[in-house]
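Let's take a walk through this structure together, one neighbourhood after another. Have the sequence and the 3D view open side by side.

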Amino acid sequence: NARARTQSFLGAVSARVPCSAGCFTDVAVWGKASRYRLDDPAGELLFTATRQETRAMSAGARLGIAIQPTRWLELKSGASFGLSSIAVDPLGPAETRARRQNVRAYAAVIAKPVEWLETRVEGSVASDFVTAKSGSLDHRTPAGRVGVAFHPLEGLSLFTTAARYGRVPTLGEQFGVGATVLGNDQLRPESGLALDVGGR
């Protein structure tokens, strides 16, 4: 007799508009909403409640600009803003509510001084603020990446990238992905170093 129902919506719009010779402005807006409901009137799934429901929403926007002052140099910069929320009822703490605000600024320099060499340097800083009944989290996450790509032959690319990354737990990981999956509100942001070497 147990039944589950999932509904979701996702929409996004993006555009690139030239602002002058060698200059472009990128704009993007997106939104997502989902709802998951589980009805278990006979208690077949051994949960404490006969009805469980999760509702989630996220929306955001990004504005960026790219300038190419010379043939071999490109500069990028921009910022994005995001807002998300989740509600889980009644699994775990009754009527769990959480909200997250995210702001991120980034910049990048891409240089291709010769045909067979391309270099890229990127940096960003993100600010996340999460509020819930169990407490709040206010965290700054810096990140950066340096990459080099070689093109020794036609159709062959060799590349390496070194990066420092940062990641903040999602609301689903902290407060539940679905009505049948508990979250962990004790999760904290992580950071680390990464090195990639490859070819194509």
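**A walk through the strands**

T141 is buried, with a relative accessible area of 9%. That puts T141 below the 20% mark under which a residue is called buried. Keep in mind as you look that this is a predicted model. You'll find T141 in strand β7, which covers residues 135–153. Who are its partners away from the local stretch of chain? Skipping neighbours within four places in sequence, T141 is in contact with S124, V125, A126 and D128, and also with G166, R167 and V168.

V168 is a handy stepping stone, since V168 also belongs to the largest nonpolar core. Which residues make up that core? There are eight in all: I86, V88, A98, V130, L137, V168, L171 and F175. Strand β4 (73–89) and helix α1 (171–175) each supply at least two residues of this core.

F175 is a good residue to click on here. Once you set aside neighbours within four places in sequence, F175 is in contact with several fellow core members, namely I86, V88, A98 and V130. The contact list of F175 also takes in T96, A132 and S134, plus G183, N184 and D185.

Now slide over to strand β5 and look for Y106. Y106 and G78 are 28 residues apart in sequence, yet their C-alpha atoms are 5.6 Å apart in space. G78 also turns up among the residues that Y106 touches, a list that leaves out anything up to four places away in sequence. With G78 come K76, S77 and A79, then R62, L63 and G64, and finally G123 and S124. S124 may ring a bell, as S124 is also one of the contacts of T141.

From Y106, hop to L63, which is found in strand β3. L63 touches Y106 along with S77, G78 and A79, again not counting residues up to four places away in sequence. L63 also touches T25, D26 and V27. Right after those in the chain comes A28, and here the C-alpha to C-alpha distance from L63 is 6.7 Å, with the two positions 35 residues apart in sequence terms.

Time for some charges. How many salt bridges does a search of the whole structure find? The count is 13. One of them joins D89 and R51, with the closest N and O atoms 3.8 Å apart. D89 lies in strand β4 and R51 in strand β3 (residues 51–70), so this pair ties together parts that are 38 residues apart in sequence. As for cover, D89 is buried at 17% relative accessible area, while R51 is partly exposed at 31%.

Another salt bridge is formed by E53 and R55, and there the closest N and O atoms are 2.6 Å apart. E53 is buried, with a relative accessibility of 6%, whereas R55 counts as partly exposed at 34%. These two pairs also belong to a bigger story: R35, R51, E53, R55 and D89 are linked in a network of salt bridges.

For one more pair, find E118 and R120, whose side chains meet in a salt bridge at 3.9 Å, N to O. Buried or partly exposed? E118 is partly exposed at 25% relative accessibility, and R120 is partly exposed at 29%.

Next, the cysteines. A disulfide is a covalent bond between the sulfur atoms of two cysteines. The count here comes to one disulfide, and it joins C19 to C23 with an S to S distance of 1.8 Å. The torsion about the S-S bond of C19 and C23 is about -80°, so the disulfide is left-handed. C19 is partly exposed, with 41% relative accessible area, but C23 is buried at 8%.

Let's finish on the outside. Which residues make the nonpolar surface patch of about 430 Å²? They are I65, I67, L75, V109, V121 and V146. Take V109 as an example: V109 sits in strand β5 (residues 96–114), the strand that also holds Y106. With 38% relative accessibility, V109 counts as partly exposed. That value is over the 30% cut-off that a residue has to pass to be part of such a patch.

Definitions and conventions:
Residues are numbered from 1 along each chain as its sequence is written. This is a predicted model: local features need pLDDT of at least 70, side-chain atom pairs count only at pLDDT 80 or more; totals for chains, interfaces and linings use all residues. Side-chain values use heavy atoms; hydrogens and water are left out. Patches are made of residues with over 30% relative accessible area and no salt bridge: like charges are joined within 9 Å, nonpolar side chains (Val, Leu, Ile, Met, Phe, Trp, Tyr) within 5 Å. Accessible areas come from the Shrake-Rupley method with a 1.4 Å probe; for residues, only the protein chains shown count as cover. A salt bridge is a side-chain nitrogen of Lys or Arg within 4 Å of a carboxyl oxygen of Asp or Glu. Helices (H or I, at least four residues) and strands (E, at least two) are DSSP runs, numbered from the N terminus. Buried means under 20% relative accessible area, exposed over 50%, partly exposed in between (1.4 Å probe, protein chains only). A nonpolar core is a set of buried Ala, Val, Leu, Ile, Met, Phe, Trp, Tyr and Cys residues joined through side-chain atoms within 4.5 Å. Contact means heavy atoms within 4.5 Å. A disulfide is a pair of cysteine sulfur atoms within 2.5 Å.
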